Amino acid sequence: MRPVRLAAAMALCAGALAGCSTYNPLIILGFQQEPAHAPTPLGPIKVEVLPRAIWIAPVGKSGGFMFRPDAEGGRIYAASSDGALTVLEEDTGKVFTRAETKKPLSGGVEVGEGKVIVGTIKGEVIALDPTSGKQLWATSVGGEVIAPASVSRKVVVVRTSDGRIFGLSIDDGKRIWVFQR
């Protein structure tokens, strides 16, 4: 009975010391060694740049979605959940153009290959002209577009809430491929 009590007492001590960063029971019992190269302590951080806003422009409400703007060619492109796309001058923050898709957006903005791509709650991917805001094409992907598209090599890649990833032609929005996971 005595070895059982000793083992229980050792387990209790090891458990009690497990939460202590100074007394690592694995090191005390010889199962682990101190690290060969201790981390280098950080030096003091000197503040060299203090960022400040040079302009602020309202672009609409996010409606609980995580919209992020995109920038290209000296312009900032921002979307809102109510379907508005606002294009701002990068240097001044003045509105260059504003377009209304009249559809609730959820997938954010991506600019590439001369088009602005947004996604909707109803599963549509819409391409707009970056200067006029005119709709160039719209394609249904069957599920809520949950993230900004990605544009590369004439392909628009979008992800939907049901886990599918679509590759669409940048020219007309026709489906090139789909990946289901």
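## Exercises on a pocket, a patch and three salt bridges

Strand β2, which covers residues 75-79, contributes the most to the lining of the largest pocket, namely 3 residues. The structure used in these exercises is a predicted model.

**Exercise 1.** Describe the largest pocket by its volume, its lining and the kinds of residue found there.

*Solution.* Begin with the volume, since the largest pocket holds about 160 Å³ of space. Next, turn to the lining, which is made up of 14 residues, and note that Val 59, Arg 68, Pro 69, Ala 78 and Ala 79 are the ones that lie nearest the centre of the pocket. Finally, sort the lining residues by kind, which gives 9 nonpolar, 3 polar and 2 charged residues.

**Exercise 2.** Decide whether Arg 75 and Glu 89 count as buried or partly exposed, and describe the contact between their side chains.

*Solution.* Start with the contact, a salt bridge in which the closest N and O atoms of Glu 89 and Arg 75 are 3.7 Å apart. This pair links distant parts of the chain, because Glu 89 belongs to strand β3 (residues 84-89) and Arg 75 to strand β2, with their positions 14 residues apart in numbering. Then apply the cut-off, by which a residue is buried under 20% relative accessible area and exposed over 50%. Arg 75, at 19% relative accessibility, therefore counts as buried, whereas Glu 89, with a relative accessible area of 27%, is partly exposed.

**Exercise 3.** Locate the two partners of the salt bridge between Lys 103 and Glu 124, and classify Lys 103 by its accessibility.

*Solution.* The closest N and O atoms of Lys 103 and Glu 124 are 2.9 Å apart in this salt bridge. Lys 103 sits in the loop between β4 (95-100) and β5 (105-112), while Glu 124 is in strand β7 (residues 124-128), so that the pair, 21 residues apart, links distant parts of the chain. Lys 103 has a relative accessible area of 25% and is therefore partly exposed.

**Exercise 4.** Compare the accessibility classes of Arg 164 and Asp 162, whose side chains meet in a salt bridge.

*Solution.* The N to O distance in this salt bridge is 2.9 Å. Arg 164 counts as buried because its relative accessibility is 19%, whereas Asp 162, at 37%, counts as partly exposed.

**Exercise 5.** Name the members of the nonpolar surface patch that includes Ile 176, and place this residue in the structure.

*Solution.* The patch is formed by Ile 176, Trp 177 and Phe 179, which together have about 310 Å² of accessible area. Ile 176 lies in strand β12 (residues 175-180), and with 48% relative accessibility Ile 176 counts as partly exposed.

Note on methods:
Residues numbered from 1 in each chain as written. Predicted model: local features only at pLDDT ≥ 70, side-chain atom pairs only at ≥ 80, totals over all residues. Heavy atoms only, no water. 1 Å grid on protein atoms, 1.4 Å probe; cavity = no way out; pocket = protein on both sides within 12 Å on 5 of 7 lines; lining within 4 Å. Points joined across faces, edges and corners; volume = space filled by probe spheres on them. Helix = DSSP H or I, 4+ residues; strand = E, 2+ residues; numbered from the N terminus. Nonpolar A, V, L, I, M, F, W, Y, C, P; charged D, E, K, R; others polar. Patch = residues over 30% accessible without salt bridge, like charges linked within 9 Å, V, L, I, M, F, W, Y side chains within 5 Å. Areas by Shrake-Rupley, 256 points an atom, 1.4 Å probe, with all protein chains shown as cover. Salt bridge = Lys/Arg side-chain N within 4 Å of Asp/Glu carboxyl O. Buried < 20%, exposed > 50% of the residue type's maximum accessible area, 1.4 Å probe, protein only.
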